[in-house]
Amino acid sequence: MRLAEQVTFGGSALDRAAHLRPEAEVLATHSGARILPMWRGKPLVAERDDRLSLGLLPSMQGLDGAGLRILLGMDDEGPLFGMDLSAWEPEEIPETLHAFSDPSVQRHPGLPADHGFRELRAIMTQLDPRAAELAAATRGLLEWHRTHAFCARCGHPSDPASAGWQRDCPSCGAHHFPRTDPVAIMLVTHGNDLLLGRSPGWPERMYSLLAGFVEPGETLEAAVRREVHEEAGVRVGRVDYLASQPWPFPASLMLGCLGHATSREITVDPAEIEDARWVSREDVARAFAGDHPEIAAAREGAIAHFLIRNWLADTLD
């Protein structure tokens, strides 16, 4: 798919400078070094003139709660780091934290008044490709460190290494690396119709593409066929790869595929999804325009929205 990397988090040709990770401590003193703080999965964002941008800071000195620092890469100005600020305790923790939609903003007293921590999913479409890649990498890596603090081999506490891209066990010597879970997400068509489904807890009327994790020993194509049949009872024949999207919520790589259905009868597995239906191209267009009474479009910024929009525009090639 020629437009594949235009998807949100699709990449910005960031030089990740893996060969410089052993020199991260020295690079942190570089005059052009910038750091992206993140608080419990929410990146720091600057708001100026009603526009949002990443809150990249030249220094972290004096900030309460500063923790693990990760070398993200290099650009023309110098090294770029992500920083965990989760130890900072704001006066109030919102009930919406980690919810499907979190509108709250946390403002650290040591930062400018126009800087705040915001839910990445709520702002991802407002970020340029470089900012989106930096935010996704920081969130994914910090979440991995949070959930993998102990050695998977012997259970001993492990230590961050390689500028945040590794954890080492001082007890048994094991090395651990960030994990990414492959997820098949399927644009399944039959003639002029598209197969859409919804999960419990989603916003009212929202429908999206079916998706599921690729299992061990399974090809991507087999995962597409299995997941569609398990969730909706529909059989899929030919499968074509379209595009991928890093999805750091918490650690997925969404693998977008086009599936050609060989059956139409739908049998929903209620343990998997709440509803599934065939929707005509005309009705999908109405949903994207906000004019459909029963269906709302998938979240903008997600690969499902990207794939459906390109299907409508006939630009999947």
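This briefing describes selected strands, side-chain contacts and backbone features of one protein structure.

The structure is a predicted model, in which local features need pLDDT of at least 70 and side-chain atom pairs count only at pLDDT 80 or more, while totals for chains, interfaces and linings use all residues. Residues are numbered from 1 along each chain as its sequence is written, and side-chain values use heavy atoms, with hydrogens and water left out. Helices (H or I, at least four residues) and strands (E, at least two) are DSSP runs, numbered from the N terminus.

**Strand β1 and its partners**

- Strand β1 covers residues 34–39, and 6 of its 6 residues are buried; the term buried means under 20% relative accessible area, exposed means over 50%, and partly exposed lies in between, with a 1.4 Å probe and protein chains only.
- In a regular strand, side chains alternate between the two faces of the sheet.
- Both faces of β1 are covered, with R34, L36 and M38 buried on one side and I35, P37 and W39 buried on the other.
- Strands β1 and β5 (residues 79–84) run parallel and are joined by 5 bridges; two strands pair if DSSP finds at least two bridges between them.
- Within β5, the residue opposite R34 is L80.
- Strand β2 (residues 42–48) runs antiparallel to β1, and 2 bridges join them.
- Opposite W39 in β2 stands K42.
- A hairpin is formed by β1 and β2 with 2 residues between them, and R40 in the turn has a positive phi of about 50°.

**The sheet β7-β8-β9**

- Three strands in the order β7-β8-β9 form an open sheet with antiparallel pairing.
- Its edge strands are β7 (159–161) and β9 (175–176), each of which pairs on one side only.
- Between β7 and β8 (residues 166–168) there are 3 bridges, and these strands run antiparallel.
- D159 has D168 in β8 as its bridge partner.
- Helix α3 (residues 129–147) packs on this sheet and touches β7, β8 and β9, and its direction makes about 20° with that of β8.
- For that angle, axes are lines fitted to C-alpha atoms, for helices over the stretch in contact, and angles run from 0 to 180 degrees between N-to-C directions.

**Aromatic rings and charges**

- A pair of aromatic rings is described by the distance of the centres and the angle of the planes.
- Rings of Phe, Tyr and Trp (its six-membered ring) pair if their centres lie within 6.5 Å; planes under 30 degrees apart count as stacked, over 60 as edge-to-face and the rest as tilted.
- The whole structure holds 5 aromatic pairs.
- One of them joins W39 and W88 edge-to-face, at 6.0 Å centre to centre and with 65° between the planes.
- W39 is in strand β1 and W88 is in the loop between β5 and β6 (115–117), so this pair ties together parts that are 49 residues apart in sequence.
- W39 and W88 are both buried.
- The pair of W247 and F249 is edge-to-face because the ring centres are 4.7 Å apart and the planes stand at 65°.
- Both W247 and F249 are buried, and they form one aromatic cluster with F9.
- The charged end of R21 sits over the ring of W165, 4.0 Å from its centre; this description requires NZ of Lys or CZ of Arg within 6 Å of the ring centre and within 35 degrees of the ring normal.
- R281 lies over the face of W311, at 4.2 Å from the ring centre.

**The surroundings of Q245**

- Q245 belongs to strand β13 (residues 236–247) and counts as buried because its relative accessibility is 1%.
- A polar atom of the Q245 side chain lies 2.8 Å from the backbone oxygen of T8.
- Leaving aside residues up to four places away in sequence, Q245 touches V7, T8, F9, S252, L253, M254, G301, A302 and I303; contact means heavy atoms within 4.5 Å.

**Backbone features in loops**

- The peptide bond from F249 to P250 is cis, with omega near 10°, and P250 lies in the loop between β13 and β14 (252–261).
- D50, a residue other than glycine, has a positive phi near 65°.
- D50 is in the loop between β2 and β3 (51–54) and counts as exposed, at 71% relative accessibility.
- A163 is not a glycine, yet its phi is positive, at about 60°.
- A163 lies in the loop between β7 and β8 and is buried, with a relative accessible area of 13%.

Conventions. A polar contact is a pair of N or O atoms within 3.5 Å; within protein, one must be able to donate a hydrogen and the other to accept it, and residues adjacent in sequence count only if both atoms are side-chain atoms.
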